[in-house]
Structure formats: structure tokens, C-alpha cells
Amino acid sequence: MAVALGSRSALRLRLLLSQLKPGIRVSRAGPAAAFGLWTCPQQGPQRWSSKGDGDLPRHCREPWQCRPFSTAVTSAKVAVNGVHLHYQRTGEGEHAVLLLPGMLGSGETDFGPQLKNLSKKLFTVVAWDPRGYGHSRPPDRDFPVDFFERDARDAIDLMKALQFKKVSLLGWSDGGITALIAAAKYPSYVRKMVIWGANAYVTDEDVRIYQGIRDVSKWSEKARKPLEALYGYDYFAKTCEQWVDGIQQFKRLPDGNICQHLLPLVQCPTLIVHGEKDPLVPRFHADFLHEHVKGSRLHLMPEGKHNLHLRFANEFNKLVEDFLQ
């Protein structure tokens, strides 16, 4: 059947066919008017309405290529460096952002408010589970002396496998250390970086703090329950103990070094956020990072603790969005 490309009926047919692609949810609309948010290949997410039976979106010269804009969070696995890494993804913005979780963390346990509320129009947000954490199992998690470097390589290779040309990093706690290493080792690939609750070296004070969290039965129920539900008690308890041993091994290195030597190599704009009531990462770590990451900014949250991005999610998300734009 031949139809002139410029005809209204052909445009409408192609628009309707584009709505039927697998995995795309199409909102129902009444006969008088339709309203929706659509992703345009020329202009990105656009809001439009049609009033009348024959009207089509008018924001684009080729409306049949547009498709409904999704705010859903999807999840999948992809093979990277010999393991299958799990990730969650949301948004359709041009700016790719990777969320890097902390010790024993995953996208679903560590970044709910960010996956839900960071701008879907500005960003494509990916939250990953490092190998041995979350749903990136098998394998079980282990902690060789280069485990942070391994995570950095996995994280960057994951985003390349997902075909992102550049990426910004949001790293919490251990994820902040991973982000620092990734930014230093892959400077041309990292656009911007936000880190909080991270440290570049281990002190005697840190070791005392780590020993205080070794026994998960002594954690608060609020902190323990999500991870126990994700892993089961035995894996959770065993991996926490192994993490304490793994992070303490850096104390035996000169100056307790984790990634101090890499900080001068970070080239991307960097925002360091610190909660002044953080019981796990003392203020001097944030000051050290600020001093040694060239051009970095330090933002202090007076009431923030280690999980400041969860406790003060709205403030944190706005801070991040303003910095990344």
C-alpha cells in the first residue's frame, strides 16, 4: 500500500505504530483531547496536547518518530568483565548519571529518592550493583587489595556496554571511593562527579569505627532490615565481616593509602558533600579530598549524617541537579 509521506493519514499511522513497540506504555486518552509527555528525536522530552481527531504533536517536523516518555524504573543485567552486573535505569535525558552504592549496597537499597526524583528530562540515571552485591550475584563478594580499582573498571565498562559516550558519577561512601578512582583513571569518560561519605586513606580512628560495625546484630533495625531482606542474614553478616577486614588492609599500606595518589589525576568538576554529623566518616576526610582534588567544591550539611542523601533527599537532589547542569 503506497501512501504519500506528507499526508496526514500517513503521519497518524506511523505515530500509532510507534506506540506499539514492546515495553512502551501508552496512556489512554479520551476522544476529545489527548495530553502526554513524549520523547522527540530532535528536541528530547516534550509535553503536547491534541484537540480534535486529526491533530498530531506539533513540536517536531517528524512526529511519527516520537514515542511516549517513560518515568518508569527498569532493571536488567549485562555481561561485564566476566560477571553479570545488575542495574536499574530511569529517565531519558542526554546527561548520563551513574549512582555508585556504599558497602553492601545496591541501587534499590541506597538510591530510592534519586531514582524516583532526579529529573527524568535532564538525566538518564543508572544505579548499579557492584559484583557480589545486590543482584550482581554470583559471584559472592570478595575483597582483594584492588577491589576498589576492580569496581571502578566494572562501573566504567558497564556504562560503555550501555553505550553511553560520557557519564557523571554520584558516589556514596565506598561508591565515592570507586568514583574517585574511576574519575582519575578514565578522565576523558567522566563528565562531573559528586561524592559524599568517602575517604582516600584509613586512619586508626577509622579502624575503631569499622570494628564498631563488624557485628551486624548490633546495627539498628532500620539499617539492618533492608540488607537482611536483600541478602539473608548469613550472607549479610559474613560479607560485612569480610568488608571490615578488607578495608582495614589499607591501614597496613604507607599512610593508610586507598587512593591518595590518584587524587591529582582527577580532572572533572567535583562536588564533595559532607554531613557534619556523620558518625562513620570524620570531617577531615572531606577536607583532605577538597584540598587534593583540584578545583573541587565542598558543601557541608550541618544536620547531615552518613545517609544524608536519604534523610535530606530533596535538598540533596536539588544540589546535585544544579551542579550537574
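Reader: What pLDDT does the protein chain average?

Author: This is a predicted model, where local features need pLDDT of at least 70, side-chain atom pairs count only at pLDDT 80 or more, and totals for chains, interfaces and linings use all residues. Residues are numbered from 1 along each chain as its sequence is written, and side-chain values use heavy atoms, without hydrogens and water. pLDDT is the predictor's confidence in each residue, from 0 to 100. At least 70 is scored by 78% of the residues, and the chain average is 86.

Reader: Over which residues does pLDDT stay under 50, and how many contacts beyond four places in sequence does the model have for them?

Author: Where pLDDT is low, the predicted coordinates should not be read in detail. A contact means heavy atoms within 4.5 Å. The stretch is residues 1-37, and the contact count is 49.

Reader: Which strands stand at the edges of the open sheet?

Author: Strands (E, at least two residues) and helices (H or I, at least four) are DSSP runs, numbered from the N terminus. Two strands pair if DSSP finds at least two bridges between them. The eight strands run β4-β5-β7-β6-β8-β9-β10-β11, with mixed pairing. Each edge strand has a single partner, so one side is left without a neighbour in the sheet: these are β4 (74-80) and β11 (297-301).

Reader: In which sense do β8 and β9 pair, and which residue in β9 stands opposite Leu170?

Author: β8 covers residues 167-172 and β9 covers residues 190-196. Five bridges join them in the parallel sense. Opposite Leu170 stands Val194.

Reader: What angle does the direction of α4 make with that of β4?

Author: Axes are lines fitted to C-alpha atoms, for helices over the stretch in contact, and angles run from 0 to 180 degrees between N-to-C directions. Helix α4 (residues 147-161) packs on the sheet, and β8 and β9 are among the strands it touches. Its angle with β4 is about 110°.

Reader: How do the axes of α4 and α5 cross: roughly parallel or roughly perpendicular?

Author: The axes come within 8 Å and cross at roughly 70°. Angles under 35 degrees count as roughly parallel, over 145 as roughly antiparallel, 65 to 115 as roughly perpendicular and the rest as oblique. So α4 and α5 are roughly perpendicular.

Reader: Which residues of α8 make the contact with α7?

Author: Helix α7 (residues 221-231) packs on α8 (residues 233-248) at about 115°, with the axes 7 Å apart. From α7 come Arg224, Leu227, Glu228 and Tyr231. From α8 come Tyr233, Tyr235 and Phe236.
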